[in-house]
Amino acid sequence: MSAADDTTSRVRRKRMEIFAFLFLTAIVMPVLAVGTVGSYGLGVWIYQMFAGPPGPPSSPH
């Protein structure tokens, strides 16, 4: 393996690491965040359909 091949390999590896970092931070993490918050909200909404809204019970008057 020559020095040029080693240098090219390092540059390519660094470029792929930067791409992977940007992909994770710009696409994967926001999708996971939206999915987590959305699924939690859906779960609370479904729970409240059966259990009723939060707060004290309504007075019998």
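Helices (H or I, at least four residues) and strands (E, at least two) are DSSP runs, numbered from the N terminus. By that definition the protein has one helix and zero strands. This is a predicted model, in which local features need pLDDT of at least 70 and side-chain atom pairs count only at pLDDT 80 or more, while totals for chains, interfaces and linings use all residues. Residues are numbered from 1 along each chain as its sequence is written, and side-chain values use heavy atoms, with hydrogens and water left out.

**Overall form**

The radius of gyration is taken over C-alpha atoms, and the globule rule used for comparison is 2.2 Å times the number of residues to the power 0.38. A compact globule of 61 residues would come out near 10 Å, but the protein has 25 Å. Its C-alpha atoms fill a box of roughly 90 × 15 × 10 Å along the principal axes.

Two C-alpha distances add to this picture. T8 and L42 are 34 residues apart in sequence and 49 Å apart in space. Both T8 and L42 are in helix α1. From L42 to P53 the separation is 11 residues in sequence and 14 Å in space.

**Surface**

Accessible areas come from the Shrake-Rupley method with a 1.4 Å probe, and for residues only the protein chains shown count as cover. The protein exposes about 5800 Å², of which carbon and sulfur atoms supply 71%. A residue is buried under 20% relative accessible area, exposed over 50%, and partly exposed in between (1.4 Å probe, protein chains only). Buried residues make up 0% of the 61 residues. T8, for instance, is exposed, with a relative accessible area of 52%, whereas L42 is partly exposed at 44%.

**Salt bridges**

Side chains of opposite charge can pair when their charged atoms come close. Here a salt bridge is a side-chain nitrogen of Lys or Arg within 4 Å of a carboxyl oxygen of Asp or Glu. The count by this rule is two, and the table gives both pairs.

| Pair | Closest N to O distance |
|---|---|
| R10 and D6 | 3.3 Å |
| R13 and E17 | 3.2 Å |

R10 and D6 are four residues apart in helix α1 (residues 3-51), so about one helical turn separates them. R13 and E17 are likewise four residues apart in helix α1, which means a separation of about one helical turn. In the pair of R10 and D6, R10 is exposed with a relative accessible area of 60%, and D6 is partly exposed at 30%. In the other pair, R13 is exposed at 59%, and E17 is partly exposed at 45%.

**Aromatic pair and nonpolar patch**

Rings of Phe, Tyr and Trp (its six-membered ring) pair if their centres lie within 6.5 Å; planes under 30 degrees apart count as stacked, over 60 as edge-to-face and the rest as tilted. One aromatic pair meets this rule. The ring centres of F19 and F23 are 6.3 Å apart and the planes lie at 20°, so the pair is stacked. F19 and F23 both lie in helix α1, four residues apart, about one turn of the helix. At 52% relative accessibility F19 counts as exposed, while F23, at 39%, is partly exposed.

F19 and F23 also belong to a nonpolar surface patch of about 600 Å², made with M16, L24, I27 and V31. Patches are made of residues with over 30% relative accessible area and no salt bridge: like charges are joined within 9 Å, nonpolar side chains (Val, Leu, Ile, Met, Phe, Trp, Tyr) within 5 Å. I27 is found in helix α1 and is partly exposed, with a relative accessibility of 43%.

**Record annotation**

An unreviewed UniProt entry annotates residues 21-47 as "transmembrane region". UniProt positions are given in the numbering used here, feature names are shortened, and annotations may be inferred rather than shown by experiment. In the model, residues 21-47 are 100% helix and 0% strand, with the end C-alpha atoms 37 Å apart.
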